[in-house]
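Student: I would like a close look at a single part of this model, with the cut-offs stated as you go. Please take one strand and follow it through its partners and surroundings.

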Amino acid sequence: MADTTTQGKTGTQALQKDEERSAVGGARSTEVVKLATEKGRTSIADGVVAKIAGIAAREIPGVYALGGGAARAFGAVRQRIPGGKPNVAQGVSVEVGERQCAVDLNIVVDYGVPIAELAQAVRENVIDSVERMTALEVVEVNIAVDDIHIEYDGDDSTKERQLQ
């Protein structure tokens, strides 16, 4: 992952980028200031960003599940335990700095879905959701396609997917 505290830009370049986003309708330039004010500062935990990113990734049609095979198997076992809840951050790792973050996703895609287009849609939705909800700048979203889901007749995985 990239260093989330500095991205190799000067302060002026970063400010210009924020001003450009604001001018285009991205209204994010003033939100960054809200995290650190003269009355205090707000820090956002890695787990919060991971949950937001996980939910945003799952919203895109064609994403079957998040996480590698072992993580999905463990998650399925955990959900069968009474009171067990799905882990929305499964398959998501993040690095959060003071004003920036980076996200890594491991996804399983449905067969027949154009992977490049799906990855772009997931990336855009994750960036939009994380930036809107946290006011952090998302510097990168790396997506690793770990598997492809092929549906068979009589496959119970449709039920499993609804639980995830």
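Tutor: Glu95 has Ala102 in β5 as its bridge partner, and this pair belongs to the antiparallel pairing of strand β4 (residues 92-96) with β5, which extends over five bridges. Two strands are taken to pair if DSSP finds at least two bridges between them, while the strands themselves (E, at least two residues) and the helices (H or I, at least four residues) are DSSP runs numbered from the N terminus. The link between β4 and β5 is a hairpin of three residues. The model is a predicted one, in which local features need pLDDT of at least 70 and side-chain atom pairs count only at pLDDT 80 or more, whereas totals for chains, interfaces and linings use all residues. Residues are numbered from 1 along each chain as its sequence is written, and side-chain values use heavy atoms, with hydrogens and water left out.

Strand β5 itself covers residues 100-110 and is mostly covered, since nine of its 11 residues are buried, where buried means under 20% relative accessible area, exposed means over 50%, and partly exposed lies in between (1.4 Å probe, protein chains only). Besides β4, strand β5 pairs with strand β3 (residues 63-66), again in the antiparallel sense, over three bridges; within that pairing Val63 has Val109 of β5 as its bridge partner.

The pairing of β5 with β6 is parallel and comprises 11 bridges. The chain reaches β6 from β5 by way of α5, and this β-α-β crossover is right-handed, which means that, with the strands pointing away from the viewer, the path from the first strand over the helix to the second runs clockwise. Between β5 and β6, Val108 stands opposite Asp147 in β6. Val139 also lies in strand β6 and is buried, with a relative accessible area of 18%; its C-alpha atom is separated by 6.5 Å from that of Gln100, although the two residues are 39 apart along the chain.

The connecting helix α5 spans residues 115-134 and contains Ser129, a residue that is buried with a relative accessible area of 6%. Apart from its neighbours within four places in sequence, Ser129 is in contact (heavy atoms within 4.5 Å) with Ile52 and Ala56. In the loop between α5 and β6 sits Ala135, which has a positive phi of about 65° although it is not a glycine, and Ala135 is buried at a relative accessible area of 7%.

Beyond β6 (137-149), in the loop that leads to α6 (157-163), comes Tyr152, which is exposed with a relative accessible area of 55%. Together with Tyr111, Ile148 and Ile150, Tyr152 makes a nonpolar surface patch of about 450 Å². The members of such a patch have over 30% relative accessible area and no salt bridge, and nonpolar side chains (Val, Leu, Ile, Met, Phe, Trp, Tyr) are joined within 5 Å, like charges within 9 Å; a salt bridge is a side-chain nitrogen of Lys or Arg within 4 Å of a carboxyl oxygen of Asp or Glu. Accessible areas come from the Shrake-Rupley method with a 1.4 Å probe, and for residues only the protein chains shown count as cover.

As the setting for this part, the chain has six helices and six strands, and buried residues make up 35% of its 164 residues.
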